[in-house]
Amino acid sequence: YPQGLVGEAIPLSGRIVALADFFDTLSIDRCYRKAHHDAEILEMIRERHGQQFDPRVVDAFFRIVDLLRVARDAINAVDEIADVEESDPDWCLIF
């Protein structure tokens, strides 16, 4: 981590974003690979509990993971239901 911070010295916001970014990055298709299955991603997060990811953040994540998946799927469905270019500055108004 920047400035050599580890554990609790890393700001909570950074610990949350690290886990959110991991989940997001692996759960959507990329130009160079398909998305991982949710079960696989959740297992990877469990394996990193207390190592790469703050245990409290992981525990909180698992309490809301179903809501996160619904939100992710709704956001990803926008491309399928909306005729909006990503470069359109008002794309977010369709929500």
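## A walk from R72 to the α1/α2 pair

Start by selecting R72 and D38: their side chains are joined by a polar contact of 2.9 Å. Keep in mind as you click around that this is a predicted model.

Stay on R72 for a moment. Its home is helix α3, which covers residues 55-81. Is R72 buried or exposed? R72 counts as buried, because its relative accessibility is 11%, and the cut-off for buried is under 20%.

Now show what surrounds R72. Leaving aside residues up to four places away in sequence, R72 touches F23, S27, I28 and D38. Pick S27 from that group and check the C-alpha atoms: S27 and R72 sit 8.8 Å apart in space, with their positions 45 residues apart in sequence.

Next, color two more helices: α1, residues 12-27, and α2, residues 38-47. How far apart are the axes of α1 and α2? The axes are 10 Å apart, and the two helices pack at an angle of about 150°. That angle makes α1 roughly antiparallel to α2, since anything over 145 degrees counts that way. The crossing of α1 and α2 is right-handed.

To see the contact itself, select L19, F22, F23, L26 and S27 on the α1 side. Then add D38, I41, L42, M44 and I45 from α2, which they meet. Sorted by class, the contact holds eight nonpolar residues, one polar and one charged.

Last stop: go back to D38. This residue belongs to the α2 side of the helix contact, and its side chain also makes the polar contact with R72 where the tour began.

Note on methods: Residues numbered from 1 in each chain as written. Predicted model: local features only at pLDDT ≥ 70, side-chain atom pairs only at ≥ 80, totals over all residues. Heavy atoms only, no water. Axes fitted to C-alpha atoms, helices over the stretch in contact; angles between N-to-C directions. Helix = DSSP H or I, 4+ residues; strand = E, 2+ residues; numbered from the N terminus. Parallel < 35°, antiparallel > 145°, perpendicular 65-115°, else oblique. Left-handed = near helix turned anticlockwise from the far one by under 90°. Contact = heavy atoms within 4.5 Å. Nonpolar A, V, L, I, M, F, W, Y, C, P; charged D, E, K, R; others polar. Buried < 20%, exposed > 50% of the residue type's maximum accessible area, 1.4 Å probe, protein only. Polar contact = N/O pair within 3.5 Å; in protein donor to acceptor, adjacent residues only side chain to side chain.
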